[in-house]
Amino acid sequence: MPKLQRQQYYDLTRDMNWHFRYVDEAEVFPEAMSKSLGVPAEEWWKWDEPYKLTFREYTYNQVDKDTGIYSIKSVTNRANLYEKLDSGWRSAIKAHYGAIPVPEYLASIGEARMARFGRAAAWRNMATFGALDETRHGQAQAWFPYSLIDKDPQMDWALKTLHTNEWGAIAARHLFDDMFTANDAVSTAIQLTFTFETGFTNLQFLGMAADALHVGDMEFGALISSIQTDEARHAQQGEPTLRVLVANGKKAEAQKMVDIMFWRSWRIFSLLTGLSMDYYTPLEYRSMSFKEFMEEWIIKQFMDQFKDLGMNTPWYWESHFLPELDWYHHGLHLGVWFWRPTVWWNPDAGVSPAERDWLEEKYPGWNDTFGRWWDVITENVRKGEANKTLPETFPVVCNLCQIPIITPCGHAIGKLERPIPFMLEYNGRQYNFCSEICRWIFKEQPERYHGHLSIVDRLLAGQIQPPTVEGALAYMGLTPEIMGQDADNYQWAFAERKAAE
Ligand code: MN
Ligand code: MN
């Protein structure tokens with residue numbers, strides 16, 4: 001048993017910084033790995049995390065958390081819980097499982113980089129716990145779906161997705177490599193922990209855990225809440241890092257890191273969470289629309305944080321970001337449903353008459369814009385011509401976010417009609433972007449992004465053979481038992497509107 005009380009050793013051990021005599025600061029903390037931006041050592045030593053923890057406390061807590069989730073898992077396995085879940089909800093969790101567990105594991109590399117190259121001992125201490133957290137998240141979120149593979153082969157993609165060239169996997173790798181696998185310590189603290197985790201995932205995990213309990217998925221709910229408690233702790237590395245930068249005149253540099261990663265996070269968040277909340281979650285269990293969730297949790301919370309820290313909202317906030325809340329994820333949903341064989345889950349159309357009423361209430365004008373496309377699709381399905389609702393060509397993909405380019409229904413949404421794709425000529429090559437912001441991010445660091453080939457670039461370069469939809473599906477690793485189908489087997493198209501009272 002330890003002889004010392006916590007208060008007798010804690011401050012000494014958690015934050016022991018020293019000056020180097022035999023080597024330079026720059027040798028210990030190379031700029032490429034640490035990105036100190038010229039802020040001197042003693043200034044970094046003011047780094048102070050709000051959440052203080054010993055290794056012993058950490059270990060006890062984590063053992064409890066793991067014991068909790070794995071015992072719930074063994075109970076739900078026996079109860080055949082999965083078979084009883086709504087098909088749209090199953091799609092939401094499969095989309096999550098394919099996109100998240102392996103990146104969680106990769107996040108442990110980003111945490112480990114901060115644990116070595118962060119400029120304060122307290123920070124390195126906290127990042128060490130972060131690296132252990134992310135390893136746990138990778139393992140648990142690989143294990144839970146693994147035990148469902150015999151019930152649903154798409155669950156195999158929890159481990160597989162990131163090792164394929166499926167288009168969503170390319171988008172996820174491009175984003176997460178930029179954010180943490182191939183990022184320096186300071187940028188990782190600002191972009192992963194402050195922007196992505198504090199801004200998006202922490203709240204998304206809270207929201208998803210609550211939704212899981214509503215729909216009766218205790219297993220996923222327990223898993224996600226367990227992870228969220230770790231995220232809420234290690235996400236707090238961002239704010240002290242930001243404070244050091246702001247106090248040392250590096251606000252502009254920090255602001256740019258946030259502006260870049262807020263946009264990139266928004267893109268992937270719309271794709272995953274936007275579709276899940278507004279189309280896949282069963283109507284009777286929806287507590288908020290995606291837009292309401294964004295306004296209440298992400299936008300308000302971000303505004304508050306920015307104000308507290310003396311930062312500004314991203315430069316594109318009013319002009320580009322807020323207007324997209326009304327249309328961007330609706331467009332993505334239409335595209336993902338149409339190109340459904342290209343994903344590892346079964347997209348839920350979510351447009352039965354009752355669901356369309358809900359969409360119209362939450363997004364006034366939805367019926368006149370997106371609804372018109374769904375009218376045609378519904379008509380084709382009803383005529384038994386569902387083959388007309390399947391793809392024969394490829395969409396144009398953005399060279400930054402790697403997500404197919406979406407345009408709002410111009411004549412109906414009016415002012416939002418814009419010339420897209422946004423183009424850029426660089427080193428004799430033409431690049432296409434979904435938005436002015438993705439183009440701006442590319443232009444800020446072209447050396448970082450220019451060599452990457454989007455899935456459509458690969459097709460044009462002859463890497464996908466034969467250059468057909470079938471060839472592309474094979475290139476993406478999608479086999480017939482995995483390819484997405486309509487989650488509801490088209491029942492929504494035949495649902496009748498309830499007669500008025
Ligand atoms: Mn995590
Ligand atoms: Mn994390």
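This section describes the metal site, the nonpolar core and selected backbone features of a predicted model.

Two manganese ions, ligand 1 and ligand 2, lie 3.5 Å apart, and E134 coordinates both. The protein donors of the manganese ion (ligand 2) are supplied by E134 (OE), E197 (OE), E231 (OE, listed twice) and H234 (NE2), at 1.9 to 2.7 Å from the ion. Along the chain, the donors of this ion follow the spacing E-x62-E-x33-E-x2-H. Distant parts of the chain are thereby linked: E134 belongs to helix α9 (residues 121-146) and E197 to helix α12 (residues 185-215), 63 residues apart. E134 is buried, because its relative accessibility is 0%, and E197 is likewise buried, with a relative accessible area of 3%.

The largest nonpolar core comprises 141 residues, of which W123, W266, M294, F321, W374, F433 and W492 touch the most other members. Helix α15 (residues 251-280) contributes the largest share of this core, with 16 residues. Beyond its neighbours within four places in sequence, W266 is in contact with F200, F290, M294, F321, E324, L325 and Y328.

Several backbone features were found in loops. The peptide bond from Q465 to P466 is cis, with omega near -10°, and P466 is placed in the loop between α24 (455-460) and α25 (469-475). Positive phi values in residues other than glycine include that of N80, near 50°, and that of Q402, near 70°. N80 lies in the loop between α5 (55-78) and α6 (81-84) and is partly exposed at 37% relative accessibility. Q402, in the loop between α20 (370-382) and α21 (410-413), is buried at 2% relative accessibility.

Notes:
Residues are numbered from 1 along each chain as its sequence is written. Chains are lettered from A and ligands numbered from 1 in the order in which they are written. This is a predicted model: local features need pLDDT of at least 70, side-chain atom pairs count only at pLDDT 80 or more; totals for chains, interfaces and linings use all residues. Side-chain values use heavy atoms; hydrogens and water are left out. A nonpolar core is a set of buried Ala, Val, Leu, Ile, Met, Phe, Trp, Tyr and Cys residues joined through side-chain atoms within 4.5 Å. Buried means under 20% relative accessible area, exposed over 50%, partly exposed in between (1.4 Å probe, protein chains only). Helices (H or I, at least four residues) and strands (E, at least two) are DSSP runs, numbered from the N terminus. Contact means heavy atoms within 4.5 Å. Donors are N, O and S atoms within 2.8 Å of the metal (3.2 Å for Na, K and Ca); water is not among the atoms, so sites may look incomplete.
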